[in-house]
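Me: I'm new to reading protein structures and would like a close look at a single part. Could you walk me through the place where the two chains meet?

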Amino acid sequence: MNYYLGLPLFLAVALLQVAAMPSFSPLGVTPNILLVFTACWVTVRGQPQAMILVPMAALFRDLLTAEAVGTSVIALAPLLLLAGIAGGRPTEARLMPTLLVVAAGTLAYHLLNGIITIALGQTVPWATALTQVWLPAVAVNAVLTPAFYLPLWWAPLGERPRRGPTGR
Amino acid sequence: MAMSGRVVVWLVATTVIGAIVILLSQQRTLDPLQNAALSLTSPAQSALRQAADSVSGFFDRQGGEGDLEAQVQGLRRENQRLTAELARLREELATTQALLELQQVVQERPGDKFLLANIIAKDPDDLREAVAIDRGRKDGVAEGMVVVAEGEALVGTVTRALEDVAWITLVTDPNSSINALVQSPDAKGVVSGRLGSRPLLELIPQAAVVNPGDLVVTSGLGGTFPKALVIGRVITVEGEPQDAFKQATVEPAAPVGELETVLVLTSFRPPRLQRP
């Protein structure tokens with residue numbers, strides 16, 4: 001059941017990311033709600049579902065932007081690994097580990113995005129990007145995390161995996 | 001297989017698949033899919049963007065900026081119109097007073113053709129300044145075409161033309177680079193977009209006189225842009241006397257963050273360089 005509910009949720013979040021988020025610019029950056037939602041889903045619902053849902057949502061997002069399609073698929077992938085490193089049990093409140101996953105995931109996302117941009121022949125002002133985009137993005141995404149984590153934690157989206165995010 | 005091992009395998013597979021998809025995207029294989037996705041979601045994106053703008057504007061109005069914003073918008077449009085007229089008159093004066101250089105492209109403004117387009121999406125990537133319009137190849141839009149706003153203020157260029165939609169890279173994009181001219185008096189330079197800041201007019205000869213308030217227009221050199229399109233105005237001038245070049249910060253003439261409708265200059269195509 002989770003896939004049938006999770007896919008529309010992920011696609012809706014991706015659409016919101018592309019259509020609505022550019023209208024907001026706290027600290028001069030665009031909130032990445034798809035990244036935040038992905039991190040929260042992985043820590044609450046587990047990795048197996050995210051392995052299917054995240055690439056699909058990332059592809060959908062890229063189809064609606066000027067970026068090369070496939071960029072977000074690679075850039076969002078580390079979130080699953082980071083959630084596994086964070087560990088923990090599904091019965092535990094894991095907001096703090098989720099915040100760490102969001103923070104590290106945001107940096108990884110922008111780093112991979114920059115590498116892909118360079119590989120495609122464009123320039124990236126690394127120093128400016130770090131101070132004016134990456135670090136503010138970490139703060140903004142972290143502030144948004146509870147808004148996605150708590151509803152996912154409480155929402156009756158079906159039985160949670162008995163094991164932690166890694167399946168153990 | 002342990003979950004951690006499965007995740008590693010998944011990571012590798014996802015990276016490989018992602019790289020393949022990126023290659024396909026660069027070869028334009030996925031253009032029909034992108035075109036369909038943008039076209040189908042355009043109404044929903046417009047509705048969501050309007051709602052988001054309303055929410056964003058609500059908080060702005062709490063700061064008492066709502067009425068002032070409307071006044072500023074009206075004054076900005078009038079300023080753009082007058083600025084464009086001034087740029088054309090100065091360019092005509094320079095042409096009659098100076099020797100004509102051999103140009104690759106000769107543009108005659110009355111003969112130009114424009115295509116009206118609506119902005120339907122904005123790229124959410126903070127490292128990129130790009131918007132999508134609801135015109136594409138079937139409407140005669142091609143990559144390299146110049147896009148302007150009211151008063152012929154330069155907005156950017158078409159960098160990706162799909163069948164029904166097109167992506168425009170704005171003059172504020174870090175990868176944007178425009179050969180420019182500072183009128184009164186003439187001083188050549190290059191306007192480059194910057195991340196999180198106003199564009200920078202670089203490579204201005206040290207001997208050139210550039211002052212805040214000077215008008216910056218396209219020079220037409222290189223043939224990538226027509227001449228005399230308004231890029232913006234000089235805000236500040238930086239540089240030490242011992243430097244070979246100085247630079248200036250430019251306020252874009254086109255309100256790139258507030259645009260809803262633009263004009264695509266369909267009669268101008270950058271010439272292809274050919275061997276003699």
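Reply: Happy to help; here is a walk through the interface, with a short stop at a pair of helices afterwards.

Please keep in mind that this is a predicted model. Let's begin with how much of each chain takes part. Chain B brings 42 residues to the contact, and chain A brings 51 residues. The size of an interface is often given as the accessible area lost when the parts come together. Between chain B and chain A, that buried area is about 3,900 Å², and carbon and sulfur atoms give 69% of it.

Now for the individual pairings. Nine residue pairs are in polar contact across the interface of chain B and chain A. The count of salt bridges between the two chains is one: R128(B) pairs with E67(A), and their closest N and O atoms are 3.6 Å apart.

Which elements of chain B give two or more residues to the side that touches chain A? They are α1 (3–26) and α2 (31–62) of chain B. The most comes from α1(B), with 14 residues. Sorted by class, this side of chain B has 22 nonpolar, 12 polar and eight charged residues.

Finally, a look inside chain A. The axes of helix α3 (residues 47–63) and helix α5 (residues 78–86) of chain A come within 10 Å and cross at roughly 170°. Because angles over 145 degrees count as roughly antiparallel, α3(A) is roughly antiparallel to α5(A). Q47(A), A50(A), M51(A) and V54(A) of α3(A) make the contact with L80(A), L81(A) and G84(A) of α5(A). That contact has five nonpolar, two polar and no charged residues.

How values were computed: Residues numbered from 1 in each chain as written. Chains lettered and ligands numbered in written order. Predicted model: local features only at pLDDT ≥ 70, side-chain atom pairs only at ≥ 80, totals over all residues. Heavy atoms only, no water. Axes fitted to C-alpha atoms, helices over the stretch in contact; angles between N-to-C directions. Helix = DSSP H or I, 4+ residues; strand = E, 2+ residues; numbered from the N terminus. Parallel < 35°, antiparallel > 145°, perpendicular 65-115°, else oblique. Contact = heavy atoms within 4.5 Å. Nonpolar A, V, L, I, M, F, W, Y, C, P; charged D, E, K, R; others polar. Buried area = accessible area lost by both parts, 1.4 Å probe. Salt bridge = Lys/Arg side-chain N within 4 Å of Asp/Glu carboxyl O. Polar contact = N/O pair within 3.5 Å; in protein donor to acceptor, adjacent residues only side chain to side chain.
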